[in-house]
There are 2 protein chains.
Amino acid sequence: MNKNIIISMMVVVSCSAYASRESSEPIKVIEPATGLDSAKVELGKTLWFEPRLSASNTISCNSCHNVAKGGVDNLPSSIGHKWAVGGINSPTVLNSDLNFVQFWNGRAKDLQEQAAGPIENPIEMAFSHDLAIGTLKSIPQYREWFKEAYGKEDFTITEVTDAIATFEKTLRTPNSAFDQWLKGDDSALSTEQVEGYALFKQKGCTFCHSGPLAGGQMYQKMGLVKAFETDNTDIGRAAITGNDFDKYVFKVPTLRNIELTYPYFHDGSVWDLQEAVEVMADIQLGIPVTKQEAKKITAFLHSLTGEQPVITLPHLPPSTNETARPQI
Amino acid sequence: MNKNIIISMMVVVSCSAYASRESSEPIKVIEPATGLDSAKVELGKTLWFEPRLSASNTISCNSCHNVAKGGVDNLPSSIGHKWAVGGINSPTVLNSDLNFVQFWNGRAKDLQEQAAGPIENPIEMAFSHDLAIGTLKSIPQYREWFKEAYGKEDFTITEVTDAIATFEKTLRTPNSAFDQWLKGDDSALSTEQVEGYALFKQKGCTFCHSGPLAGGQMYQKMGLVKAFETDNTDIGRAAITGNDFDKYVFKVPTLRNIELTYPYFHDGSVWDLQEAVEVMADIQLGIPVTKQEAKKITAFLHSLTGEQPVITLPHLPPSTNETARPQI
C-alpha cells in the first residue's frame with residue numbers, strides 16, 4: 001500500500017470519527033467564518049472601533065463588547081454616555097451571529113438590526129443615525145471605503161450596520177478543547193471535563209444549552225422552577241410581546257468562552273462560574289448538584305474557550321472641518 | 001563595471017544625499033524603534049489595553065491615547081472616571097519617547113515615570129498603585145508574564161510602568177513624506193509643501209519645533225509675544241517650579257502626525273490646523289502670515305504624518321475570584 005493511500009485512509013477515519021461523535025452530541029462544533037466580503041469586513045472593523053459613532057466620540061462598539069476580553073466588558077452592566085449605567089449585562093459579540101435572535105429579549109432579528117440600536121440609545125452611544133452618517137460622510141476616507149465596499153458613496157445606516165455585522169461574523173472562536181474532543185481527539189479533555197460534560201447532559205443543562213453556541217437557540221424563563229432573586233428590573237420578552245407569561249423570559253445565552261464573559265446572568269450578579277452552575281441547577285432545573293458535580297461541570301465549561309480572534313487595530317481616518325464636534 | 005559595484009555606488013550616493021540634506025535641516029528623521037525586549041513589549045502592550053488598571057475597569061491607557069487615532073482621543077481634554085473632564089489636552093503617545101520630558105509641564109522625566117500618573121489620578125483612572133498591582137497579581141497569567149519579562153513573579157509598579165514605557169517606545173511613526181524628502185527623495189513633497197517648509201523655517205517656527213519630533217525638546221511660554229486667550233486654568237511649569245516666570249510655560253508639543261492629533265494647544269481649543277498655524281505666528285512669533293502662507297505651512301505639516309504602528313490587539317487574561325471587582 002503506498003503512502004498516499006495510507007494518508008487517504010487516515011483522513012477518512014479521522015473525518016468519520018469527527019462526524020460520528022459530533023452527530024451524537026447536543027453541542028456542535030464552532031466553525032470559523034468563511035466567504036465574507038473582505039472590503040465589508042475591513043470597513044466593519046474600522047466602524048467597530050470608531051468612537052465617532054457616539055455623541056461624545058469616546059464610546060465605540062468595542063467599549064462594551066471588547067474583543068480583547070471575550071467580547072464583553074466584564075461589568076454587571078455597561079457604562080455609557082455621561083457614565084449612564086445600562087439596564088442589562090452586555091452579551092458577548094463572539095460567535096454572536098449564531099444566535100437565533102439578538103439582544104437578551106430578542107428584539108433584533110439579526111446582527112445588522114442589533115447594530116443600529118446602541119448608536120441611538122441615550123444611555124449608550126447617545127447619538128442619532130443621522131448624526132453618525134453625517135460624521136462618516138464628512139470624512140473623505142470613509143466615503144471612499146463605503147464606495148469600495150458597497151459601490152456607492154451615498155451610504156446610509158443600512159450600509160453602516162451591514163458592515164459592522166459583516167465584521168462581527170468573523171468573530172468566531174473555533175478549536176476549543178471541547179471542539180477538538182468533538183472532532184475525535186480524546187486527549188483534548190481531562191477526565192474531570194469529560195465527567196463534567198456527562199453531568200451537564202445528565203442534569204438536563206443541554207435542554208437549553210445546545211447547538212454550536214451551547215445556547216442562543218431559544219428563549220427560556222429565568223427562574224423556571226424557582227424565582228430568581230434580583231434587583232434588576234428588566235422583564236425580558238414581556239416588554240416586547242406584552243404577554244404576562246413572557247415575564248423574565250430571555251434568550252438563553254451562549255456558554256462559549258464562558259470563562260471570559262463574567263459576570264453571569266442578565267443582571268451580571270454572579271462572578272464565580274461554579275456558583276452560576278449551582279444557581280442554574282437550583283432555579284432552572286430544580287435539581288440538586290453537589291459541590292463536586294458543580295466543580296466538574298465548571299471544568300467542562302472551561303473547555304468551551306476557543307481561539308480568540310486575532311485583530312489588527314484599524315487606523316481611523318482624521319475628521320475634517322465639516323465633522324461634528326464631540327458632545328461632552 | 002560589474003553590477004555589484006554599480007549597486008554599491010548607488011547606495012553610497014543615496015546615503016550621502018540623505019545624510020547631507022538631513023544634516024542641514026533643523027527637523028530630523030524619525031527612526032523606527034530597535035533593540036527593545038520583546039517580552040517586555042508584549043507585556044506592556046497588554047497592560048496598555050488593560051482597563052483593570054482603572055477603578056471602574058473601563059479606562060485603559062489607550063482610552064485617552066488611542067493608537068487607532070494618532071495616539072490621542074481627539075477631545076479638548078479627556079474623559080475619565082465617572083465622566084470627569086480633564087484639565088489639559090491629552091498629548092499623543094506616538095514617538096513620545098523622544099520628548100525631553102513628559103506631560104505638558106514636564107513633571108515626569110521619562111515615559112516610565114509618566115505612566116504611573118494616570119493610574120492614581122482621581123479624574124483619570126482613579127485607582128491606586130496597590131490596587132492595580134493587587135489586580136494583576138490575582139491573575140495567574142500576569143504573574144507568568146511578569147516572570148518571563150522580569151525574571152520574578154513579585155512585581156511592583158516599577159515593572160508595570162517599565163513594561164508600559166517599553167511598549168510605548170515601539171510607537172514610532174517613520175517614513176513620513178517629509179522624512180522621505182529628508183532622506184533625499186525630492187518627489188516625496190509637493191511644491192506647496194516644500195514652499196511651506198521654507199516658510200516654516202523662515203518665519204521662525206523651527207526655533208521651537210525642531211529635532212526628530214519637530215518639538216518636544218524645550219519649554220516655551222504659550223503667548224510669548226501676545227497673551228493667549230483661553231478659559232483653561234492650567235498655569236504650566238509654574239505649578240512645578242513655583243516661579244512666576246514659568247506661568248503658562250509648557251513643553252513645546254511635537255508636530256509629528258499633527259493632522260491626526262486635533263484639537264490643538266494645551267487647551268484643545270483650536271480644531272483647524274491652518275487656524276492653529278495662524279494663532280502661533282501671531283502670539284508666539286508676533287509676525288503676520290498671509291492666508292496663503294498659512295495654507296502652505298499647513299500643507300507641509302501634513303507631510304509629517306508617518307506610518308502608524310501596526311498593533312495586534314492583545315487577549316487579556318480573565319480575572320479570578322481573588323480579583324477586585326470594578327467600582328462603578
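Modeller: Before we start, a contact means heavy atoms within 4.5 Å. This is a predicted model, so local features need pLDDT of at least 70 and side-chain atom pairs pLDDT 80 or more, while totals for chains, interfaces and linings use all residues. Residues are numbered from 1 along each chain as written, chains are lettered from A and ligands numbered from 1 in written order, and side-chain values use heavy atoms, without hydrogens or water.

Biologist: Among contacts in chain A between residues at least 6 apart in sequence, what share joins residues at least 24 apart?

Modeller: Start with the pool: contacts between residues at least 6 apart in chain A. Then pick out those joining residues at least 24 apart, and you get 70%.

Biologist: How many helices does chain A have?

Modeller: Helices are DSSP runs of H or I with at least four residues, strands are E runs of at least two, and both are numbered from the N terminus. Chain A runs α-α-α-α-α-α-α-α-α-β-α-β-α-α from that end. Next to its 2 strands, the helix count is 12.

Biologist: What percentage of the 328 residues in chain A is buried?

Modeller: Buried means under 20% relative accessible area, exposed over 50%, and partly exposed in between (1.4 Å probe, protein chains only). Going by that, the buried share of chain A's 328 residues is 53%.

Biologist: Is Thr161(A) buried or exposed?

Modeller: Thr161(A) sits in helix H7, residues 157–168. Looking past residues up to four places away in sequence, Thr161(A) touches Gln112(A), Ala115(A) and Ala116(A). Its relative accessibility is 3%, so Thr161(A) counts as buried.

Biologist: Which residue's backbone oxygen lies 2.8 Å from a polar atom of the Thr161(A) side chain?

Modeller: Look for a backbone oxygen beside that threonine side chain. At 2.8 Å from a polar atom of the Thr161(A) side chain, the oxygen belongs to Ile157(A).

Biologist: Which residue does a cis peptide bond join to Tyr262(A)?

Modeller: Most peptide bonds are trans. Here omega is about -5 degrees. The partner lies in the loop between strand E2 (249–251) and helix H11 (273–285) of chain A, and its name is Pro263(A).

Biologist: What is the relative accessible area of Ala214(A)?

Modeller: Ala214(A) is in the loop between helix H9 (191–203) and strand E1 (219–221). Ala214(A) has a positive phi of about 50 degrees although it isn't a glycine. Ala214(A) is buried, and its relative accessible area is 0%.

How values were computed:
A polar contact is a pair of N or O atoms within 3.5 Å; within protein, one must be able to donate a hydrogen and the other to accept it, and residues adjacent in sequence count only if both atoms are side-chain atoms.
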